[in-house]
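This report concerns selected helix packing and strand pairing in one protein chain. Please consult the sequence and coordinates shown here alongside the text.

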Amino acid sequence: MDKQWFASQVLHARAMATRRHSMLKSFFSAAALASAVIAFSAPAAAQMERVPDRPAGEGEGPYDTLLIKGATMIDGTGAPPEGPVSILVEGNRIARILRGGADIPADRVIDASGMYILPGFVDTHGHNGDPSKAPQPSYGFKLWLTHGVTSVRGVGFGFGPDDPSLDQKRRSAANTITAPRLFAYTAPGDVWPNGAVGTPQQGREWVRWIANRGYDGIKFFNNEDPATLAAILDESDKLGLGTVAHLGQRGVAEVNARAATELGLDGVTHFYGHFESLLDGAALPQYPADYNYLDEQSRFAWVARLADQVGDPGTEQWSAYIDHLIENDATLSPTFNIYSASRDVMKARNMEWHEKYTLPSLMQFYAPSLTNHGSYYHDWTSEDEVAWRNFYRKWFDLTREFKDRGGRVTAGSDPGYIYQTWGFAYIGELEMLREAGLTPLEVIQAATINGAREIYEPKGEEPPMGSIKEGKLADLVIVPENPLANLKVLYGTGHTRLNRETNTLETVGGVRWTIKDGIVFDARALLKDVADMVEMQKLRENAIMQSQQAE
Ligand SMILES: [Zn+2]
C-alpha cells in the first residue's frame, strides 16, 4: 500500500468519522456511500494480502558511516552493561565499538546519550496470522520492529501450498519490505506437492525437497510415527536444518519430550511433552472421563491439572529429566506468554494496548469461540485460573533449573492468539522469563544471542547477529530507559510513572530506534502506522454498519 495514499485515506476517513450518522447519510449520495464502502472493504477474507514494498523514507540508510553515540551497551552475550560507548556502523555491519563514547565524524549521528543499546531481539516462535484476524503481515512485522525484534523464526509464517514464507524471507533479506529478518520453518508434508509424509523414506525426500527450496527448518506438531520422525530428524541434521516441536497431546503417548530429544530433536516449544516425561508412577497422563481433545475448554482446562500428576521439582525424577535435556542439547522456547490469559483472562482481555494497536478483527478472533484456535476460555473460572497459576509454578521451576544447569532458553511469543498481539506479546514473554527466575541479564541473553544460536547452530554457523560485536550485522535496539531495571520500558506503549515533582503521570520508554541490517527505523513512526491500520479497520467497519443501517 502506498504510504501517502494510505495517509490521505486515514485523514479522509477520520473526517468522515467526526460527522454523525445522519449527517453522513446526507453527505453522501447512496451511490457514493456504496462506493466508499467498497473502497473501505477488505478483500474477500480468504487470502493473506501481499506485503507492500517498503516505501521511500520508511527506514533510513544503510549509511557508509553511522555513529550511535554515548549509549550504555548491553551486548547480549551476558556481559554486564558498559558505557558510554559509541558504535560505528559501516553499511550493514558493526565496524567499531568505541569505549568512552568518542565522537567521530559520520554520515549520520544518533545521539544516544543516556540511552541503552542492545542487539536486535530474536523471536523464536512467530506466525503471520491468518486472513480473518490480521490479513496484512505488515501489521505484525511493524509491531515486531517497534518492539526491537529484528529476527523472527516463523514456525511457520503460513501453512499450505501458498506459504509465503520464502518469498517474504527473500524480500526482507533484500530490505524491499519493512520486516525483521525472517527464518522459515515448515511442517512435515506441508507445501509439498507429493502427498503425505508417512514413511521414513518419504520423510527424507520431503526434507531434501524443503532444503532445496530454502527453508531453514522444521516445526513438528507430533503427528509422525517415531520411525518417520527419526528419519526426518536425521536427514535435517545432515542438511543443516533446524528442528523444533510442539509435542501435541495426540502423539505424546508415543513421543514425549524425552523421547523426541533422544531421537535428535533440537528444540521444544511450549510445555507440551515435558510433563508427560515427568509423570509420577504412570505411563500415561490421566484424563477425566469426559475429556475431549477437540473441545478446547476441556483440553486447556485439563492442561493445568497435568501438573498435579507429576512429582515435585527437586526430586530425582526432575533432576534426571533436566539432565537428559541438557545431554541431548535441547533448547527450550517456552512461550510462557501465550497461555498467560489462562491465569488471568480479565487482565489479558483489557491490556492497555488493545484499544489503539489490536485490530478489531484480531480482538474478535481472541474472544471465546468454539472454532477459533486458542479461544478456549468459554466458561473460565477462578478454579481454572488458580490451577493454571499452580501449573506455571512448576513450568517456571523446570525452565529455571534447566537454565541453571547450562541449558539454553530462548524467547518466543507465538503471537496472534489468546490476546497476545504481536510485539507486545514478545515483551510479555521477556517479563515472564524474568518471573520464571532468569535474571534481567539472562532474559536479554535469551532474547538475543541464545535465540540467534538456536537458529544458526543447526546450520553449523556462529550467528551473524544476536550480539554487539565488531564484524556482526548491525541489528540494534536503542531505548531511552534501562530495560535491566524494568522490562516494561520496552513496550511500545511505554511505562507509566508518577513524576513526584509535579504529581503527574508520565509515560517513559518505548524503543526509540530499531536498526535492522544498518537501516534505521523510527520505532514510534512504525507504531503510528499500526495505529492507523487499526483505525482504518474500525472506520471501515463503521462505514459498513452505517451503509447496512441506511439500506
Ligand atoms: Zn505457534
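The paragraphs below treat a helix and its surroundings, then a set of parallel strands, and finally a hairpin.

The model is predicted.

**Helix α4 and its surroundings**

Helix α4 spans residues 137-146, and 10 of its 10 residues are buried. The buried residues include the aromatic side chains Tyr-139, Phe-141 and Trp-144, as well as Lys-142. Among the elements that cover α4 are the strands β6 (121-126), β7 (149-155), β17 (513-516) and β18 (519-522), together with the helices α5 (165-173) and α17.

The packing of α4 against α17 (residues 523-550) is described by an angle of about 150 degrees and an axis separation of 8 Å. The crossing of these two helices is left-handed. On the α4 side, the contact is formed by Tyr-139, Lys-142, Leu-143, Leu-145 and Thr-146; α17 contributes Ala-523, Leu-526, Leu-527, Asp-529, Val-530 and Met-533. Sorted by class, this contact comprises 8 nonpolar residues, 1 polar residue and 2 charged residues. Just beyond the end of α4, Gly-148 adopts a positive phi of about 85 degrees.

**Parallel strands around β10**

Strand β10 (residues 242-245) is joined to β9 (residues 217-220) by 4 bridges, and these strands run parallel. Within this pairing, Gly-217 lies opposite Gly-242 of β10. Helix α7 (residues 226-239) completes a right-handed β-α-β unit with β9 and β10.

β10 also pairs in the parallel sense with β11 (residues 267-269), over 2 bridges. Here Ala-245 has Val-268 of β11 as its bridge partner. Between β10 and β11 the chain passes through helix α8 (residues 257-262), in a β-α-β crossover that is right-handed.

In a regular strand, side chains alternate between the two faces of the sheet. In β10, Gly-242 and Val-244 point one way, whereas Thr-243 and Ala-245 point the other way. All of these residues are buried.

**The β2-β3 hairpin**

Strands β2 (residues 82-90) and β3 (residues 93-99) pair in the antiparallel sense. Val-89 stands opposite Ile-94 of β3. The hairpin has 2 residues between its strands, and Gly-91 takes a positive phi near 65 degrees.

The strand pairings are collected in the following table.

| Strand pair | Sense | Bridges |
|---|---|---|
| β9 and β10 | parallel | 4 bridges |
| β10 and β11 | parallel | 2 bridges |
| β2 and β3 | antiparallel | 6 bridges |

Terms used
Residues numbered from 1 in each chain as written. Predicted model: local features only at pLDDT ≥ 70, side-chain atom pairs only at ≥ 80, totals over all residues. Axes fitted to C-alpha atoms, helices over the stretch in contact; angles between N-to-C directions. Left-handed = near helix turned anticlockwise from the far one by under 90°. Contact = placed C-beta atoms within 7 Å. Nonpolar A, V, L, I, M, F, W, Y, C, P; charged D, E, K, R; others polar. Buried ≥ 20, exposed ≤ 12 C-beta atoms within 10 Å, placed from the backbone. Pairing = 2+ DSSP bridges. Right-handed = clockwise from strand over helix to strand, strands pointing away.
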